[in-house]
Amino acid sequence: MTKTHILPLILLFLASLLGGCDADIDAFSPDPGEADFTTFVSLGNSLTAGFMDGELYREGQHNSLANLLAGQFMHTGLEDFNQPLMHDDIGFGNRLILAEADGQPLPVPMPGTPDPENFENKYNDAGPFHNLGVPGARIQHLLFEGYATLNPYYQRFAADIPTSSIMGDALALNPSFFSLWIGNNDILSYALDGGEGEHILPPEDFRVAFQALVGQLTQQGASGVTANIPNITQIPFFATVPYNALLLTDPDVVALLNNAYAEAPHISFELGPNPLVVYDSDHMAGIRQLEKGELVLLSALNGISNEGWGSQEPLSGEYYLNAKQIEHVTNHVEAYNDIISETASNFNLAMTDVNQLLKDAEPGIYFDAIAFNTEFISGGVFSLDGIHLSARGYAIVANAFIEAINSQYQASVPKVAIGNYPGIQFP
Amino acid sequence: MFLMVSWLVATSTMLQAGGYEVSLHGQRQVGMGLIGTSLTLDASAAFNNPGALAMMPGQLSVVGGINGVFASTAFRMEAPSVYQAKTDNPLSTPFHFYAAGMLTDRLAAGIAVNTPYGNSLEWEDAWAGRFLIQNISLMAITVQPTLSYRVTDMLSVGAGFVYAHGAVDMERALPIEGPDGEARLHIDGSTGNYGFNAGIQFAHPAGFQAGLSYRSQIDMEVEGGDALFSNIPSSLATAFPANNKVDVSLPLPANLDFGLSYQATPDLLVGMALHYVFWGAYEELVFDFEENTGSLPDSYNKRDYSNTLIIRAGGEYRVTPEIYLRAGGYFDPTPVNSEYFSPETPSLDNLAFTGGVSFLPIPELSIDASLLYIIGLEEDMRYTPENFGGSYSTRIFIPGIGISYQL
C-alpha cells in the first residue's frame, strides 16, 4: 500500500513547487543622490511645455519634457507636479495631423474649433503650476514682468497677468530642483524668417540673461539641469527640402524654363534635380540659383510642389537661408552653447548636450529597439511641425536630461521606456 | 498513437536548455541530470546514443513520455530604470517516443521520435521589447530510424537517419502607429531537412560503461513562409506589402556527447555526461522578404552564439525492486553572446537540479516521473545593434511522466 501512495505524494510536491517557479528580478533602487527633487519647476519654451504638431494640446502636455522628468523624479522624492493643461487636444487650434493624400501621409490642420476655456487663465482654479514652459518664450522673456499680456500661452497660467514673470512664478514655488532649457527661440525666430527679420540676440546679452536666470534659481540653494541648443541643420523644418528640389523629367519643361530665364544666363535647367531659383538682393541680377549647403524652409514645400516656386517664380528670401545666414546661426548656436556649458559648470548644474544628441540621431539611432532619425514625419524624433519633438522625441531628450542629472549629482533617477510613449499617428 | 502525436505536435514547444535546445529525452535520463549517453536502459538509447541501443536489456522496449514546461522569464530594463516585464508563457509539452527490438542477438533496430529543439514564449502585452519579439513558438520534431550492432560483448556501434520537421511562428511589433494601433509582423512557416545520429558504446563487465555519440547539424530553412503585416496604416500600405513571403533559416546545431557510468552496487548507478553543442553555427538570423520596399529591407540580426559544454551528473538508486529514485544536476552555460542577446531566446547560464522516481507494478512495466528545476542566473544582457538591454532571469519547472515497457 505504501508504494501506491508515493506517486500522489510526489504530485503534491510538484504542485507545491509550482508556486515558486515564477521568475523574479530585483527591483532597481532609485536614489536622488546629492539632489533634492522635492519641489521641481521646469522653465523654458515650447520644448518644455510639451508643444508638438504645431500646437500645445492636452495629450502633448502629458508627454512634455517637464512632465516626463517629473514622472521619473517621483521615484526620487518629488511630491507633486502640476501642469497648466489645455482643456482638450485642440488647444488654440493650430494642431496638425497626418491625412492621406495620394496614398501618402501629409500634415494637415486638425479640424475642430478651439474651446474658449483653452484661453482662460487657470491659475486661480488649478494653480500654481510647476511646468512653466511657455511656447514662444525667448531668454529675456523669462524675466519679463507682464509677459503674459503679450503671450497668450503664458496668459493661460500666469499667477497675475499684468505683473507676473515666468521666473517670478517659478521662485514663488521655492523650488529645490529646476530645469532650464532656453535660447532655442532666440535662434529659431531668425531662422524661421529666412534670416530676413530681426537679428539674433547677441551672445553678450544671452550671457547676462542666462547668468541672471541661473543666479536667481540657485539663490535659495536649488540644484538643477540645463540643456544646450540644437543647430537648425538637424531640424526637419530646415533639413527636408533640398537646395535642388526642382526635379525636372520633361525635356519640354526644361526648354521652357531655360527660355523663360534667357535674360539671366547664370540660371539654367537640365533634366533631373535642379537648384531652386531664388530672389537675392545681394546678387547683381537680383535672382540666382541656390547652392549646395543652403537651406530651404519646409514652409516653401507646398509652393515648390504646386505653385511653381523656385522655378516659374523665384523663392523669396524668407523661405531660404544662404550660407552667410547659416553661418550666422551656427556661430550663435555655438556661442550660446559655450555660455550654457560654462554657466552650468560654474553653478554645478547638470548640462544636457541636446545639440550632440540630435547630431547622433541624424544618421539614425536606436533607442529601446526603435529606429529613429531626424527625418520629417518618418524619423520619429520630430513631430508634424518639423520643429518640435514628438512624444517619443521628448522621451529621448528626457533620458538625456536624466543621464546628465545622474552624472552631475551621483543620482539614480530612472529613465523612461521610450516605447511607452505614442509614436507618430499615421492615417 | 498517430492521433496523439499530431495533437502533441500542435502544442509541444518549449524553452528548456541553452539556446533553443530541449534535452527532455526520457524521464529516467531527466531524473539523473539528463545523462544518457552511456546508459543502456531501454529504447531511448536510439536517440541518446545509437551505439548503445544493441546493448539494451531484453528483446523489445517501448518508451513514451511527456513533460510539461512551466517557464517564466523576468526582465528589468538596463539601469537606471524601474521598468520590468515578464513572460506569460503557455504551458508547453515536449514529448518523446522510442521503440526498439533485437532483430538478432547482435543487431537492434529502433525508432526515436522526439523534440530536441524548441522555444516558446510570450512576453506580456505591449512590453518594451516588443519591437524585437512579442511571442515566438519554435519547434523541431525529429524522427530517427536507427540500427545498432553489437560488435563484441563490450563494444557496440549504431547510427540513425534523422528527419527533422521544423516550424516557426513569431510575432513582433513595428514602431508604426495607425488607426488600429501598433503595426505587427507575424511570421509563420515550416520546413524539413535531414541529418544523422551515430554513436559507439563500451561496456566493461565490472560495471563501467562509456558512450560517445554525435548528432549532425540540421539547417531548418523555411522558404516562402508567410510574413503577414497587420495594422499597417493605409497611407503606408505600399511600404509593407500585405501578404508578403519570407525565407528564414535556423540551424539545429550538432551535438557531441560523451558519457560515463558505473553500476557501483546492484542498487546504485552513477554517471556523468559531457554534452557539447556546436552553437557557433548560429551566427545570424536573417529574414529575407520576397518583396522588399524602402521601408522593408531584408533583416539581418546578428546572434554570434558560441559552442557550449554542458556538464551533467546524476544517479539512480533502487529502493526496492519496484521503486527507483533518481537525482542529478547540471550546469549549462549560455551560448548567447551578451552583446547580441535577443529576448526571443532569453537563454542564461542555467543551473539545474533533477529528481525522479519509477514505480514498477510488474517487472515489465515502469511508470516514470521526473522533475527538473532550472535556475537561469540573472545577468545583464543587451541587444546592442538596437540598443535594448536589461537584466534577465528565468525559472523553469518541468515535471514529466512516462511509461516504459520491456520484454
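How many aromatic pairs does a search of the whole structure find over all chains? The points below take up that question and then move through the rest of the structure.

1. This is a predicted model, and a search of the whole of it finds 46 aromatic pairs over all chains. One of them is formed by B:Y20 and B:Y282, which meet edge-to-face at 5.6 Å centre to centre, with 80 degrees between the planes. The pair links distant parts of the chain, 262 residues apart, since B:Y20 belongs to the loop between α1 (2–11) and α2 (27–31) of chain B and B:Y282 to the loop between β13 (268–277) and β14 (284–289) of chain B. B:Y20 is buried, with a relative accessible area of 1%, and B:Y282 is likewise counted as buried, at 2%.

2. Another edge-to-face pair is that of B:W127 and B:F388, with 5.7 Å centre to centre and 90 degrees between the planes. Here too distant parts of the chain are linked, 261 residues apart: B:W127 comes from the loop between β5 (107–122) and β6 (135–150) of chain B, while B:F388 comes from strand β20 (residues 388–406) of chain B. B:W127 is buried at a relative accessible area of 0%, and B:F388 counts as buried at 1%. Both residues belong to a cluster in which ring pairs link B:F75, B:Y83, B:W123, B:W127, B:F341, B:F388 and B:Y392.

3. B:R382, in strand β19 (residues 365–383) of chain B, is in contact with two members of that cluster, B:F341 and B:F388, and its other contacts beyond four places in sequence include B:E78, B:E339 and B:N387. The side chains of B:R382 and B:N387 are joined by a polar contact of 3.0 Å. With a relative accessible area of 18%, B:R382 counts as buried, because the cut-off is under 20%.

4. Two arginines elsewhere are placed over rings: A:R95 lies over the face of A:Y57, at 3.8 Å from the ring centre, and B:R312 lies over the face of B:Y330, at 5.8 Å from the ring centre.

5. The largest nonpolar core has 198 residues, and those with the most contacts inside it are A:L43, A:L180, A:I232 and A:F238. Helix α15 (residues 391–409) of chain A gives the most to this core, contributing 12 residues. A second, separate core has 14 residues, among them B:A45, B:F47, B:A52 and B:M102. Setting aside neighbours within four places in sequence, A:I232 has contacts that include A:I187, A:L188, A:F238 and A:V329.

6. Where chain A and chain B meet, the contact takes 42 residues from chain A and 45 residues from chain B. The area buried between the two chains is about 3,700 Å², with carbon and sulfur atoms giving 63% of it. On the chain B side, B:P80, B:E177 and B:S235 supply 18% of the area buried against chain A, more than any other three residues.

7. B:P80 also deserves a look for its backbone, as a cis peptide bond with omega of about -5 degrees joins B:A79 and B:P80, in the loop between β2 (70–77) and β3 (84–86) of chain B. In chain A, the peptide bond from A:G127 to A:P128 is cis, with omega near -5 degrees.

8. Positive phi values are found at A:D102, about 55 degrees, and at B:A126, near 60 degrees, neither of which is a glycine. A:D102 is exposed, with a relative accessible area of 80%, whereas B:A126 is partly exposed, at 45%.

Technical notes: Residues numbered from 1 in each chain as written. Chains lettered and ligands numbered in written order. Predicted model: local features only at pLDDT ≥ 70, side-chain atom pairs only at ≥ 80, totals over all residues. Heavy atoms only, no water. Core = buried A, V, L, I, M, F, W, Y, C linked by side-chain atoms within 4.5 Å. Buried < 20%, exposed > 50% of the residue type's maximum accessible area, 1.4 Å probe, protein only. Helix = DSSP H or I, 4+ residues; strand = E, 2+ residues; numbered from the N terminus. Contact = heavy atoms within 4.5 Å. Phe/Tyr/Trp six-rings, centres within 6.5 Å; stacked < 30°, edge-to-face > 60°. Lys NZ or Arg CZ within 6 Å of the ring centre and 35° of its normal. Polar contact = N/O pair within 3.5 Å; in protein donor to acceptor, adjacent residues only side chain to side chain. Buried area = accessible area lost by both parts, 1.4 Å probe.
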